[in-house]
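Welcome, and please open your viewer. We will go from one selection to the next, with a short note on what is there at each stop.

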Amino acid sequence: MKLWKDCKIPRWGLVLIGIAVLLVGAGVSRHVYLIWKERRLILSARVSMQREDYTSANAALERVLRLNPKNVDACRLSAQAMLKTGNPKALPWLRHVVELAPGRLEDEMALAEAAWRFKFGFEAAKWVQTIEPKARGRADFHDLAGRVAESLGQLDEARREYEEASRLEPSNQAYRLRLALIHLVSETGARTEEARKTLEELSAEPELKASALRALVLDAVRDVHPERARRLAEELDASPDHLFSDRLLYLQVLHALNDPVFHRKLAETEAAAARTPEWILPLLTWMNSDHLAVLARDWAQRLPQDRAASFPSRQA
């Protein structure tokens with residue numbers, strides 16, 4: 001104690017110590033402030049995403065990443081926002097997330113799912129193989145593995161994976177749908193008939209109705225059951241969730257049957273497509289491929305100039 005009492009620190013030394021303390025305190029305070037700011041911006045991005053305001057969410061996330069390019073939550077949320085809007089740039093973001101936080105199963109499954117969604121089948125298969133040992137007991141993993149295998153044409157493998165997903169979660173109707181679809185195209189005899197019955201049952205489910213009916217229409221066309229195909233295609237066309245391609249499928253069935261309803265439905269479709277520019281090219285392409293080139297040329301010539309100018313059929 002006496003040594004400390006006898007120790008005299010020069011005034012300039014005290015000043016330096018004070019400055020050092022202030023600098024350390026300022027550094028700590030800034031670090032704490034930046035962490036707080038990152039968390040606040042992340043929270044803001046989550047709220048914006050819940051409101052489906054992806055522009056605001058992306059703006060907040062960009063600010064986080066300027067502060068800290070290795071913020072895993074910001075990278076993950078950026079990928080999720082892009083997935084919501086169908087942006088394939090989500091894939092490199094998910095790869096970056098897995099690099100920053102390796103070994104997290106949910107991130108690896110999200111990466112495999114995105115690779116499948118954006119047609120990177122072999123990359124998806126690689127990730128499925130990587131995560132298989134730790135995800136073996138999860139129904140959603142086997143469903144994903146089935147979709148990846150199916151996209152690569154490995155139908156037997158896809159069927160096994162869908163069967164396992166349905167076994168692990170028998171109440172999941174989406175898994176039942178995919179299993180029935182794979183049975184319908186890869187099996188014969190009793191299995192095929194069982195798949196048809198399952199799809200007819202699932203066509204009563206609002207969320208699965210369009211997918212089930214679409215498969216049944218194609219099955220009826222493939223097996224040359226024209227009246228059944230017409231009935232199912234008409235039901236699909238009336239479904240609230242039908243796609244424009246479903247309308248074209250309906251027209252194809254009507255045309256093949258020489259159904260008198262065909263020309264009325266075609267006229268309705270032409271009028272709808274004229275109001276919806278992204279439907280024009282698919283309709284013209286289908287008409288040309290279904291031996292309706294003359295009608296396609298006539299309709300293209302009647303389109304408003306701003307709609308028709310960019311389509312080859314206009315000058316045909």
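**Stop 1: two loops**

Select Asn258, which lies in the loop between α14 and α15 (262-275); helices (H or I, at least four residues) and strands (E, at least two) are DSSP runs, numbered from the N terminus. Asn258 has a positive phi of about 55°, although it is not a glycine. Is Asn258 buried or exposed? Asn258 counts as exposed because its relative accessible area is 66%; here buried means under 20% relative accessible area, exposed over 50%, and partly exposed in between (1.4 Å probe, protein chains only).

Now jump to His291, in the loop between α16 (277-289) and α17 (293-302). His291 is also a residue other than glycine with a positive phi, near 60°. With 73% relative accessibility, His291 is exposed.

Before you go on, a word on what you are looking at. This is a predicted model, in which local features need pLDDT of at least 70 and side-chain atom pairs count only at pLDDT 80 or more, while totals for chains, interfaces and linings use all residues. Residues are numbered from 1 along each chain as its sequence is written, and side-chain values use heavy atoms, with hydrogens and water left out.

**Stop 2: the whole chain**

Zoom out and color by pLDDT, the predictor's confidence in each residue, from 0 to 100. The protein chain averages 87, and 86% of the residues score at least 70. Where is confidence lowest, and where highest? Helix α1 (residues 2-6) is lowest, with a mean of 50, and helix α8 (residues 139-151) is highest, at 97. Select residues 20-28 as well: the pLDDT there is below 50, and the stretch has zero contacts in the model beyond near neighbours in sequence. A contact means heavy atoms within 4.5 Å. Where pLDDT is low, the predicted coordinates should not be read in detail.

In cartoon view, you will find 18 helices and zero strands. Of the 316 residues, 40% count as buried.

**Stop 3: Ser48 in helix α2**

Select Ser48, in helix α2 (residues 11-50). Ser48 is buried, with a relative accessible area of 10%. Show its partners: leaving aside residues up to four places away in sequence, Ser48 touches Asp53, Ser56 and Ala57. Then draw a C-alpha to C-alpha distance from Ser48 to Asn58, ten residues apart in sequence, and you should read 9.0 Å.

**Stop 4: helix α10 and Ala180**

Next, select α10 (173-186). The end C-alpha atoms of α10 are 20 Å apart, which agrees with the 20 Å that its 14 residues should span at 1.5 Å a residue; the expected span is 1.5 Å times one less than the number of residues. Display Tyr175, Leu177, Leu179, Ala180, Ile182, His183 and Leu184, the buried residues of α10. They pack against α8, α9 (155-168), α11 and α12.

Center on Ala180, buried with a relative accessible area of 4%. Apart from residues up to four places away in sequence, Ala180 touches Ala195, Thr198 and Leu199. The C-alpha atoms of Ala180 and Tyr162 are 9.2 Å apart, with their positions 18 residues apart in sequence.

**Stop 5: helix α12**

Move on to α12 (residues 209-222), a helix of 14 residues. Its buried residues are Ala210, Ala212, Leu213, Ala215, Leu216, Val217, Asp219 and Ala220. These pack against α10, α11 (190-202), α13 (226-237) and α14 (244-256). Just after α12, pick Val224, which takes a positive phi of about 55°.

**Stop 6: the largest pocket**

Finally, switch on a surface and select Trp116, Arg117, Lys119, Arg147, Glu150, Ser151, Tyr162, Arg178 and Leu181, which line the largest pocket. On a 1 Å grid over the protein atoms alone, a pocket is an open set of points where a 1.4 Å probe fits, with protein on both sides within 12 Å along at least five of seven lines, and lining residues have an atom within 4 Å of a point. About 220 Å³ of space lies in the largest pocket, a volume being the space filled by probe spheres set on the points, which are joined across faces, edges and corners.

Which helix gives the most to the lining? That is α8, with three residues. By class, the lining has three nonpolar, one polar and five charged residues; Ala, Val, Leu, Ile, Met, Phe, Trp, Tyr, Cys and Pro count as nonpolar, Asp, Glu, Lys and Arg as charged, and the others, Gly among them, as polar.

End on Ser151 in helix α8, partly exposed at 44% relative accessibility.
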